[in-house]
Amino acid sequence: MNRINTLRAALVALLPLAAIALASPAPAQSPSASPAPAASPTPAPAPSATPVPPPAETKSPADSPAAAQTPAPAAPVQTADPFGEPFTLEPKKVVMLKGTANWDSAFDALIEAFKQLTALLDKDGVKASGNPMIVYTSTDDTGFTFIAEIPVDQDVKNLENMSMGNSPDGKALKFVHRGSYDNMDNTYEAITNHLDDKKLEAKDTFIEEYITDPLKTAEDKLVINVYVPLK
């Protein structure tokens with residue numbers, strides 16, 4: 001987790017069939033004329049006409065052996081996850097919980113916040129209408145402040161130490177992380193390099209959307225969308 005600390009702090013610092021021509025078959029050559037037979041006293045019967053064979057049936061390209069052996073189209077190749085894809089965040093009604101954490105215990109703190117929000121929704125009989133999110137509001141060498149959010153379609157009563165609000169909106173870049181939270185340092189390093197290479201100016205926050213349920217998914221199987229809002 002130590003490198004995640006450095007990289008995320010650095011990120012926030014950066015934010016200020018071609019057509020085939022078929023040859024026509026050559027015309028059948030007419031048989032050459034036979035010499036007239038010599039006259040005989042008794043007229044000979046006329047020779048019967050030699051039957052002309054019917055023209056060979058022209059095969060369509062589809063009937064040709066090559067066409068019959070044409071392999072079926074290959075299955076489409078799966079595309080890679082988006083990395084730095086322009087994205088527009090739409091505001092969502094959310095129930096939220098603010099918190100702070102040290103980098104060494106970051107994931108545990110986020111899980112605890114999600115547990116509290118989920119318990120509140122269960123108690124109030126409200127179902128989540130989207131994926132849970134973490135909005136990082138500030139970072140330093142020792143830790144960070146954050147807002148844990150879960151989208152809902154209705155207001156929640158008895159909020160206790162939580163509140164209602166809207167998730168971030170506006171233009172952003174979308175990145176995808178797969179794997180454990182502890183290995184997100186590689187993702188954030190790549191994000192930092194991408195922003196630097198593209199000379200992009202970002203806002204002073206970034207968002208993680210947990211596509212897999214962090215309360216039920218093994219940590220090394222997490223899928224997380226990372227959004228970096230742009231100015």
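Ala128 touches Leu121, Ile150 and Pro151, leaving aside residues up to four places away in sequence. In this predicted model, Ala128 sits in the loop between helix H3 and strand S3 (133-139). Ala128 is partly exposed, with a relative accessible area of 47%. Its C-alpha atom and that of Asp153 are separated by 7.5 Å, although the two residues stand 25 residues apart along the chain.

Strand S4 spans residues 143-151 and includes Glu149. Is Glu149 joined to a partner of opposite charge, or without one? Glu149 is buried yet has no salt bridge. The nearest side chain of opposite charge belongs to Lys92, 9.1 Å away; a salt bridge would require a nitrogen within 4 Å of a carboxyl oxygen. The surroundings of Glu149 come from several parts of the sequence: its contacts, not counting residues up to four places away, include Val94, Val95 and Met96. Also among them are Phe114 and Leu117, as well as Asn131, Pro132, Met133 and Val135. Asn166, Ser167 and Pro168 touch Glu149 too.

Elsewhere, opposite charges do meet, and the structure holds 4 salt bridges. One of them joins Arg178 to Asp81, with the closest N and O atoms 2.7 Å apart. Because Arg178 lies in strand S6 (residues 170-178) and Asp81 in the loop between helix H2 (65-68) and strand S1 (83-89), this pair ties together parts that are 97 residues apart in sequence. Arg178 is exposed, with a relative accessible area of 54%, while Asp81 is partly exposed at 36%.

Another salt bridge is formed by the side chains of Lys93 and Asp155, at 3.4 Å from N to O. This pair links distant parts of the chain, with Lys93 in strand S2 (residues 93-102) and Asp155 in the loop between S4 and strand S5 (163-166), 62 residues apart. Lys93 is partly exposed, with a relative accessible area of 33%, whereas Asp155 is exposed, at 53%.

Lys123 and Glu160 form a further salt bridge, the closest N and O atoms being 3.5 Å apart. Lys123 belongs to helix H3 (residues 106-124) and Glu160 to the loop between S4 and S5, so the pair ties together parts that are 37 residues apart in sequence. Both Lys123 and Glu160 are exposed.

The strands are connected as well. Which strands does S2 pair with? S2 and S4 run antiparallel and pair over 9 bridges; within this pairing, Ala101 has Phe144 in S4 as its bridge partner. S2 is also joined to S5 by 4 bridges, again in the antiparallel sense, and here the partner of Val94 is Gly165 in S5. In a regular strand the side chains alternate between the two faces of the sheet.

Phe144 leads on to the aromatic residues. The structure holds 9 aromatic pairs. In one of these, the rings of Tyr136 and Phe144 have their centres 5.2 Å apart and their planes at 55 degrees, so the pair is tilted. Tyr136 and Phe144 are both buried. They also belong to one aromatic cluster, which is formed together with Trp103, Phe146, Tyr188 and Phe206. Phe144 thus appears both as the bridge partner of Ala101 and as a member of this cluster.

Technical notes: Residues are numbered from 1 along each chain as its sequence is written. This is a predicted model: local features need pLDDT of at least 70, side-chain atom pairs count only at pLDDT 80 or more; totals for chains, interfaces and linings use all residues. Side-chain values use heavy atoms; hydrogens and water are left out. Helices (H or I, at least four residues) and strands (E, at least two) are DSSP runs, numbered from the N terminus. Buried means under 20% relative accessible area, exposed over 50%, partly exposed in between (1.4 Å probe, protein chains only). Lys and Arg count as positive and Asp and Glu as negative; His and the chain ends are not counted. Contact means heavy atoms within 4.5 Å. Two strands pair if DSSP finds at least two bridges between them. Rings of Phe, Tyr and Trp (its six-membered ring) pair if their centres lie within 6.5 Å; planes under 30 degrees apart count as stacked, over 60 as edge-to-face and the rest as tilted.
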